[in-house]
Amino acid sequence: MAEAAILGFLQNNESIPDSGKFAAELNLDHEEVKNVIKSLQGFRYIEAKELKRETLVLTDEGKKYAAEGSPEFHFFSAVPEEGSISKDDLEKKMDASVFKIGSTQAAKKKWVAMGKQVSRKVQHVEDKVKESLLQIQQGLELDQESLNSLKARKLIASQGWTGYSDVKKGPSYAPKRKIFATDLTRENLQNWKEMEFKEYNFNAKGQPLDAGHLHPLLKVRKQFKDIFCQMGFEEMPTNNFVESSFWNFDALFQPQQHPARDSHDTFFLKAPSTTRELPEDYVERVKQVHESGGYGSRGYNYDWKREEANKNLLRTHTTAVSSRMLYALAKGPFTPKKYFSIDRVFRNEAVDRTHLAEFHQIEGLICDRGLTLGDLIGVLQAFFSRLGMPKLRFKPAYNPYTEPSMEIFSYHEGLGKWVEIGNSGMFRPEMLQPMGLPDDVRVIAWGLSLER
Ligand code: PHE
């Protein structure tokens, strides 16, 4: 309707100066006229300028009076032409609000004489209020005095108004809108000679592609990462799959004859087969603690070999990174730390349904003065509760680098049994002291697998 009206009008006329007046004259909804102008403008059928102004609108009360007449008019009409009527009788004839407002206004306008009895002062009145309101409703001008009195009575209010001015033919003007094909369908292509295709809009953003999702494993990885971050842990840099035996084993007080160091369990590198540098004074302290102990330990009593420590391997656990981090931390003035890592590790194991030669390890550690096994249990409870595993049990275990050590079990509601979910412990003094950490500093740590 509005579209045909606008395009038709412009066929014989230069312009539409005011969309509001245009809509009022043709009895069209101005909102619809505006939408059509916007759309036709987009397709360059027409050109238009935006128009903003303040307009007057009727309030609900104003609308009521415009439709039914003002209260003073009703009040006046209820007073007999000759003689008088008692106030009480008048009151019964109309709504309380009409009576109240009507009597005041009619008296003010000197239409009636008010006393116990009410009588007319004039024979005939005009309902100016209703007329003025109707004029405003039609968008017509009104004198300032009438406007002021309507505003004072809250029958009208001003409102921001937007429309269009100067609506003219555009470069693609046509009296009727052409329907363009927008899709390259089989049918459209077959009938391409009869069709008109919409031009490409190279500025359009296009549909967002439903692509690029996280792999389920990486999704779980993100959930773990979020939990660690919420608990105030910092992520450790784990971007080195190749590690020396020193950081992977020796620094962790894992003896050189330990079965895990066997090539059956560890992938050793052929090239480069050995590491180029290690921190020499620290290596010396590690050698000492392996061979003869110290810090209250007897050590392992064997000949520690540098060549064994130099051997490169694919890291078998992310605890190798933790040892590097703790060594770096020991170099500065001591500050408590909470670290985590989630990354790949490699083990030369028989591959089966649940075991590949590589998997992701999740590791958390807290380093502070005077930590206890109670702290470890508390942190594990908090951590696994966030994962939806609040029921935990612990079993004594063995790791070369922790004492005490605990395997972590969680009750699996679905399976109806306890399942092992991780390994944990307090790093041994034989590991922490050679690094140079103060002797009251304790490190509680735990590890689990992302996929196993
Ligand atoms: N590194 C251990 C593993 O590979 C996990 C662990 C981390 C255990 C930290 C204790 C402390 O299973």
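This report covers a sheet, the helices packed on it and a ligand site in a predicted model.

## The sheet

The sheet is open and has 7 strands. Their order is 6-9-10-14-13-12-11, with mixed pairing. Strand 6 (234–235) and strand 11 (392–399) stand at the edges. Each has a single partner strand, so one side of each lacks a neighbour in the sheet.

Strand 11 pairs with strand 12 (residues 402–412). The two run antiparallel and are joined by 7 bridges. Within this pair, K395 stands opposite E407 of strand 12.

## Helices on the sheet

Helix 15 (residues 319–331) packs on the sheet. Helix 15 touches strand 9 (337–346), strand 10 (358–369), strand 13 (417–427) and strand 14 (441–449). The direction of helix 15 makes about 30° with that of strand 10.

Helix 16 (residues 373–386) also packs on the sheet. Its contacts are with strand 10, strand 11, strand 12, strand 13 and strand 14. The direction of helix 16 makes about 35° with that of strand 14.

## The ligand site

There are 13 residues around the ligand. H317, T319, R347, Q361 and Y401 come nearest.

Three side chains place polar atoms by the ligand. For T319, a side-chain N or O atom is 2.7 Å from a nitrogen atom of the ligand. For R347, a side-chain N or O atom is 2.9 Å from a ligand oxygen atom. For Q361, a polar side-chain atom lies 2.8 Å from an oxygen atom of the ligand. On its own, the ligand has 330 Å² of accessible area, and the protein covers 91% of that.

Note on methods:
Residues numbered from 1 in each chain as written. Predicted model: local features only at pLDDT ≥ 70, side-chain atom pairs only at ≥ 80, totals over all residues. Heavy atoms only, no water. Pairing = 2+ DSSP bridges. Helix = DSSP H or I, 4+ residues; strand = E, 2+ residues; numbered from the N terminus. Contact = heavy atoms within 4.5 Å. Axes fitted to C-alpha atoms, helices over the stretch in contact; angles between N-to-C directions. Near = heavy atom within 4 Å. Polar contact = N/O pair within 3.5 Å; in protein donor to acceptor, adjacent residues only side chain to side chain. Areas by Shrake-Rupley, 256 points an atom, 1.4 Å probe, with all protein chains shown as cover.
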